[in-house]
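Let's take a friendly walk through this structure, from its main pocket to the way some of its helices pack. Keep the 3D view open as you read.

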Amino acid sequence: MRYDTRMRLAPQIALPIGLVYAFICCQTSSGQQPSTPQKIDEKPKAQVRPNDAGAAIPTRFDMLRGSYGPFRANNDLLYYHLDIRVDPEQKTIRGKNTIRFRMLHDGTRIQLDLDEALSIDKIILGNDSLKFERDTGAVFVDFPRTLRTGQVYSIDFYYSGHPKETGRFGGITFKKDPAGRTWINTACEETGASIWWPNKDQWRDEVESMDISVAVPSGLTDVSNGHLLGKTDLGDGYTRWDWHVSYPINNYDVSLNIGDYVHYSDKLGDLPLDFYVLPEDLERSKPQFAQAKGMIEAYQHYFGPYPFAKDGYKLIEAPYSGMEHQSAVTYGNLFKNGYMGRDWTGVGISPRFDFIIIHESGHEWFGNAVSAADHADMWIHEGWTTYLESLYVEYRWGKDDALKYLSGYRPKVHNLRPIVAERDVNADPTEDQYFKGALMLNTLRSVVNDDAKWWALLRGCYQRFKYQNILTEDVIAYFNLHSGMNLTPIFNQYLRHAAIPRLELMFGEAPGSVMYKWNADEPSFAMPVRVGMQGHWQTIHPTTKWQSMKTSLTKDELQVDLDHFYVDVSRQ
Ligand SMILES: [Zn+2]
């Protein structure tokens, strides 16, 4: 559970163009007609979405996964105990998730999620075996008696089967490491955690804490999230690894890493740092993973203490590039600087550090501690964390290098659709959420134009929302309130429209003056910007109405400070 913003966030049902929303009924196993709100797609193939070119049309699965319907909103997650046995030979999982929740409204039904490839063996409340209905990835669980508002209930959800591998990182993969040993890993942000375990698979609600118990063939290690409580030899060839997570956690952050890991540890002050790698990578991992300390120091400088101190910080080798699993960051960046050995932003800065350690661990602050409440607002994870990379560069090497690093993001932005996607439909935002999100934050720093104030805003925003699930509106409201400025049109232009603001400069026939205004989608868009020449910048305050200023610079000489402002410029 996360308080504050989440509690006042009513489920938002946006009405996208071309979709018809209706309440439809389906037959349940008990013959009742539930009032599950469904959204039906009128003419899926004919839809054209203004401002959303390239966004996938949501399927029924997406509707059920993405919306925060009444059978999700009627309860509040408190705790999971995922207790499973993983069979590497059969490539199967068997076990249960104990799900504790508090009812927010009286009800007889809740919605959970589990991929259709997995079997539901039984769902138990006390002595009652509960009825359930599956609908694509959703599992609607029915209770024989009304669950009462304010009461806490705990159910055991037993499941088994062979989870399917899907998505960029596989969701869950049953692989062999390069030496041919068992290597099983999860990375399911894109596909959803219910690809391999039953949970309330959405972003708005989180448990307050979690236990993860994973039985694996003895000799193998499971590294999951949180603090290692211990391991128990089960006497049947399996050993159970017990991990305890002391904080709210995103479902997709919950992870398995099962392999022939070797472990070493270190400390940063009181914070335990634990590292798990394949045996042959032990020596080369040590100098690379030493970067973790400097990374944590940098982010603590800007935002405050590492958010999951009781769980410690871990880096775990995995067969994909990396993932921000909370307190258990997975790493597959070849023990090289840059991104897979390449210069990530192409300007000579990223070869100085390991991109995966710096980026994925940055998510501990933005993504894991401060979390988005909807996929559509995922820039709160990725735009922020991409900006954090530049803060790491600034902390280590100064602002000039940070600006140079950020400038490398410009060619990566496409500006084809808005960063904030459609809510409640499991939407995947455009990749612009990373680079454009970071460039927007860098621009806002220049708009605020007072670094002491900017650092206070960053830290304050993080501290205000840590351990919570928020929406874009929450970030904007915080910045407006604490900057004393109306930054809404600026945020909206960068986040809710495809195009960035374009500064239009019009030089007259006679030298000595220039007219200027913003071309932007936001009607009240106004943003200061620096123009002139390097070293001799002058701040002007364009709006969407023409203004003029005197200048001795010609059309070819007058520059715009594009290092500090991510804008387009047109000259005529
Ligand atoms: Zn990321």
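## The largest pocket

In this predicted model, 32 residues line the largest pocket, and those lying nearest its centre are R168, F169, E382, E431 and Y434. The volume of the largest pocket is about 670 Å³.

Which elements supply the lining? At least two residues each come from β21 (322–323), α6 (355–362) and α9. The most generous of the contributors is α6, which gives 4 residues to the lining. By type, the lining of the largest pocket holds 13 nonpolar, 11 polar and 8 charged residues.

## Where α7 meets α9

Two of the residues nearest the pocket centre, E382 and Y434, turn up again in a helix contact, with E382 in α7 and Y434 in α9. The axes of these helices, α7 and α9, come within 7 Å and cross at roughly 60°. That angle makes α7 oblique to α9, and the crossing is right-handed.

On the α7 side, the contact uses W379, E382, G383, W384, T386, Y387 and E394. Facing them from α9 are Q433, Y434, F435, G437, A438, M440, L441, N442 and R445. Sorted by type, the residues of this contact are 8 nonpolar, 5 polar and 3 charged.

## α9 against α12

What angle do α9 and α12 make? Helix α9 (residues 432–448) packs against helix α12 (residues 488–496) at about 165°, and their axes lie 10 Å apart. Angles over 145 degrees count as roughly antiparallel, so α9 and α12 are roughly antiparallel to each other. Their crossing is right-handed.

From α9, the residues in this contact are K436, M440, T443, L444 and V447. Their partners in α12 are I490, F491, Y494 and L495. The contact of α9 with α12 has 7 nonpolar residues, 1 polar and 1 charged. If you are tracing side chains, M440 is a handy one to find: this α9 residue takes part in the contact with α12 and also in the one with α7.

## α7 against α11

Helix α7 (residues 379–397) also packs with helix α11 (residues 472–483), at an angle of about 50° and with the axes 10 Å apart. That makes α7 oblique to α11.

W379, I380 and W384 of α7 make the contact with T472, V475 and F479 of α11. How many of these residues are charged? There are no charged residues in the contact of α7 with α11, which divides into 5 nonpolar and 1 polar. W379 and W384 of α7 appear in this contact and in the contact with α9 as well.

Terms used:
Residues are numbered from 1 along each chain as its sequence is written. This is a predicted model: local features need pLDDT of at least 70, side-chain atom pairs count only at pLDDT 80 or more; totals for chains, interfaces and linings use all residues. Side-chain values use heavy atoms; hydrogens and water are left out. Axes are lines fitted to C-alpha atoms, for helices over the stretch in contact, and angles run from 0 to 180 degrees between N-to-C directions. Angles under 35 degrees count as roughly parallel, over 145 as roughly antiparallel, 65 to 115 as roughly perpendicular and the rest as oblique. A crossing is left-handed if the near helix is turned anticlockwise from the far one by less than a right angle, and right-handed if clockwise. Contact means heavy atoms within 4.5 Å. Ala, Val, Leu, Ile, Met, Phe, Trp, Tyr, Cys and Pro count as nonpolar, Asp, Glu, Lys and Arg as charged, and the others, Gly among them, as polar. On a 1 Å grid over the protein atoms alone, a cavity is a set of points where a 1.4 Å probe fits but cannot get out, and a pocket is an open set with protein on both sides within 12 Å along at least five of seven lines; lining residues have an atom within 4 Å of a point. Grid points are joined across faces, edges and corners, and a volume is the space filled by probe spheres set on the points.
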